[in-house]
Amino acid sequence: MGIFRRKRTEPEEPLGPTPFIAEVLRRIGEHYGGFDTVSPLPPEQGGPGMEVAIHIAGNPDPSRHEFMHGTGIMRVARVFADHTEVYDGDELIARFDDLTSADVFGERL
């Protein structure tokens, strides 16, 4: 009898990047590192807008715990209603006038 037998579960496949993140990474020549976050951009950093933290592919820092998502190597996109700025730390590495906050979550309906 298999009343108490559990089904074997496969690990979930990691989700890929959203179209917005994939496009930012394509333009800056990086590959997705498996994790990203979106949060409001505070007024002292130029808000209103969004801050998208994107982990890029690479060898993670050996001091990172295995349970932590992403590589720890990040690029930050500050997304506004009329443009997107991409940073490596404090250095601005790209500005895209054709990617806006409307693109983060898809086309406006």
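## A strand wrapped up inside

Let's start in the middle of things. In strand β2, 6 of the 7 residues are buried, so the rest of the structure largely encloses this strand. Keep in mind as you look around that this is a predicted model.

Strand β2 has partners on two sides of the story. It runs antiparallel to β1, and 6 bridges join the two. One of these pairings brings Tyr 32 together with Ile 56 of β2. Strand β2 also runs antiparallel to β3, again with 6 bridges. Here Met 50 has Val 79 of β3 as its bridge partner.

## The overall layout

Now let's step back. How many helices and strands are there in the protein? There are 2 helices and 5 strands. Reading from the N terminus, their order is α-β-β-β-β-β-α.

The protein has 109 residues, and 28% of them count as buried. Its accessible surface is about 8200 Å², with 53% of that belonging to carbon and sulfur atoms. Take the contacts between residues at least 6 apart in sequence: 37% of these join residues at least 24 apart.

## A helix with two sides

Helix α1 covers residues 19–28. Which of its residues are buried? They are Phe 20, Ile 21, Val 24 and Leu 25. Viewed down the helix axis, the buried residues of α1 fall within an arc of 130 degrees, so they line one face of the helix. On the other side of α1, Pro 19 and Arg 26 are exposed.

What do the buried residues of α1 pack against? They pack against β1, β2, β3, β4 and α2. Just after the helix comes Gly 29, which has a positive phi, near 75 degrees.

## The nonpolar core

Here is a general idea to carry with you: in soluble globular proteins, nonpolar side chains tend to be buried together. In this model, the largest nonpolar core has 15 residues. The members that touch the most other members are Phe 20, Ile 21, Val 24, Val 52, Ile 54, Val 79 and Val 86. Two or more residues of this core come from each of α1, β2, β3 and β5.

Val 86 is a good residue to click on. Leaving aside residues up to four places away in sequence, Val 86 touches Val 24, Ile 28, Arg 75, Val 76, Ala 77, Glu 91, Leu 92, Ile 93, Ala 94 and Phe 96.

## Charged pairs

Charged side chains have their own way of meeting. Side chains of opposite charge can pair when their charged atoms come close. How many salt bridges does the model contain? The count comes to 6.

One of them pairs Asp 98 with Arg 27, with the closest N and O atoms 2.8 Å apart. Asp 98 lies in the loop between β5 and α2, while Arg 27 belongs to helix α1, so this pair ties together parts that are 71 residues apart in sequence. Arg 27 counts as partly exposed, at 29% relative accessibility. Another salt bridge joins Arg 75 and Glu 30, at 3.4 Å from N to O. This pair also links distant parts of the chain: Arg 75 sits in strand β3 and Glu 30 in the loop between α1 and β1, 45 residues apart.

Is Arg 75 buried or exposed? Arg 75 is buried, because its relative accessible area is 10% and buried means under 20%. Its partner Glu 30 counts as partly exposed, at 25% relative accessibility. A further salt bridge, between Arg 95 and Asp 97, has an N to O distance of 2.9 Å. Arg 95 is partly exposed at 48%, whereas Asp 97 is exposed at 51%. Salt bridges can also share partners, and in this way Glu 23, Arg 26, Arg 27 and Asp 98 are joined into one network.

## A buried residue in a loop

Our last stop is Thr 100, found in the loop between β5 and α2. At 14% relative accessibility, Thr 100 counts as buried. Which residues does Thr 100 touch, not counting those up to four places away in sequence? They are Phe 20, Val 79, Phe 80, Ala 81, Asp 82, His 83 and Thr 84. Two of these, Phe 20 and Val 79, have already appeared among the well-connected members of the nonpolar core.

Technical notes
Residues numbered from 1 in each chain as written. Predicted model: local features only at pLDDT ≥ 70, side-chain atom pairs only at ≥ 80, totals over all residues. Heavy atoms only, no water. Salt bridge = Lys/Arg side-chain N within 4 Å of Asp/Glu carboxyl O. Helix = DSSP H or I, 4+ residues; strand = E, 2+ residues; numbered from the N terminus. Buried < 20%, exposed > 50% of the residue type's maximum accessible area, 1.4 Å probe, protein only. Core = buried A, V, L, I, M, F, W, Y, C linked by side-chain atoms within 4.5 Å. Contact = heavy atoms within 4.5 Å. Areas by Shrake-Rupley, 256 points an atom, 1.4 Å probe, with all protein chains shown as cover. Arc of directions from axis to C-beta. Pairing = 2+ DSSP bridges.
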